[in-house]
Amino acid sequence: MAFEMPDSSTAPVVSGLLATIPQLGESKIAGTRMKKRELLWFTRYRELCEYAQKAGSCLVPQKHKENPSLGLWVKKQRAQYKLYMDNKPSSITKERIELLEQIGFEWNAVPEDWQAR
């Protein structure tokens with residue numbers, strides 16, 4: 001699914017989400033301390049939202065020159081999702097899956113016509 005900004009009849013999903021995601025360096029949200037890993041996840045998620053707004057999709061190249069960490073993070077999310085779907089231990093949660101899907105994240109980055117080869 002390609003990234004699409006919602007039409008004017010719906011809430012601006014990405015813009016709204018960006019406003020609620022903590023900035024790097026923020027460690028307190030709604031009176032609770034965030035764990036470093038959780039803060040890092042939301043930092044990368046924010047970067048992905050910004051990438052999607054500019055690029056029109058969440059298909060970040062693994063070796064993204066402008067932000068190599070983002071490409072690796074996207075790859076890791078797909079790997080963690082596969083583990084989650086196979087009922088294996090995974091760091092991804094249902095809430096994170098929903099957040100990623102809200103912005104049009106594609107769990108399988110390989111096009112179907114390529115897989116058929």
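This is a selection-by-selection tour of a predicted model.

**Whole chain**

Start with the chain coloured by secondary structure. Five helices and two strands make up its secondary structure, and they run along the sequence in the order α-β-β-α-α-α-α. Of the 117 residues, 35% are buried. If you draw a contact map and keep pairs at least 6 apart in sequence, 50% of the contacts join residues at least 24 apart.

**Helix 3**

Select 68-85, which is helix 3. Put a distance between its end C-alpha atoms: they are 26 Å apart, in agreement with the 26 Å that 18 residues should span at 1.5 Å a residue.

Next show side chains for the buried residues of this helix, which are L70, G71, W73, V74, Q77, R78, Q80 and Y81. Add 36-55, which is helix 2, along with helix 4; the buried residues of helix 3 pack against both of these elements.

Then pick K75, also in helix 3. K75 is partly exposed, because its relative accessible area is 43% and the partly exposed class runs between 20% and 50%. A C-alpha to C-alpha distance from K75 to L59 comes to 9.9 Å, across a separation of 16 residues in sequence.

**V60, in the loop before helix 3**

Move to V60, in the loop between helix 2 and helix 3. Is V60 buried or exposed? It is buried, because its relative accessibility is 7% and the cut-off for buried is under 20%.

Display what surrounds it. Beyond neighbours within four places in sequence, V60 is in contact with L48, Y51, L70, G71 and V74. Of these, L70, G71 and V74 also appear among the buried residues of helix 3. For one more distance, take V60 and W73: their C-alpha atoms lie 9.5 Å apart, with the two residues separated by 13 positions in sequence.

**The largest pocket**

Keep W73 on screen and select the rest of the lining of the largest pocket: R37, E38, L40, W41, R44, S69, K76, Q77, Q80, S91 and R96, together with W73 itself. Which elements give two or more residues to this lining? They are helix 2 and helix 3. The pocket has a volume of about 300 Å³. Colour the lining by class and you should find three nonpolar, four polar and five charged residues.

**N87, in the loop after helix 3**

Go on to N87, in the loop between helix 3 and helix 4. Most residues other than glycine have a negative phi. The phi of N87 is instead positive, near 55°. N87 is exposed, since its relative accessible area is 74% and the cut-off for exposed is over 50%.

**Helix 4**

Finish with 94-102, which is helix 4. Its buried residues are R96, I97, L99 and L100. Look down the helix axis: these residues fall within an arc of 160°, so they line one face of the helix. R96 was already selected as part of the pocket lining. Turn to the other side of helix 4, where K94 and E95 are exposed.

The last stop is G104, just after helix 4, where phi takes a positive value of about 85°.

Definitions and conventions
Residues numbered from 1 in each chain as written. Predicted model: local features only at pLDDT ≥ 70, side-chain atom pairs only at ≥ 80, totals over all residues. Heavy atoms only, no water. Helix = DSSP H or I, 4+ residues; strand = E, 2+ residues; numbered from the N terminus. Buried < 20%, exposed > 50% of the residue type's maximum accessible area, 1.4 Å probe, protein only. Arc of directions from axis to C-beta. Expected span 1.5 Å × (residues − 1). Contact = heavy atoms within 4.5 Å. 1 Å grid on protein atoms, 1.4 Å probe; cavity = no way out; pocket = protein on both sides within 12 Å on 5 of 7 lines; lining within 4 Å. Points joined across faces, edges and corners; volume = space filled by probe spheres on them. Nonpolar A, V, L, I, M, F, W, Y, C, P; charged D, E, K, R; others polar.
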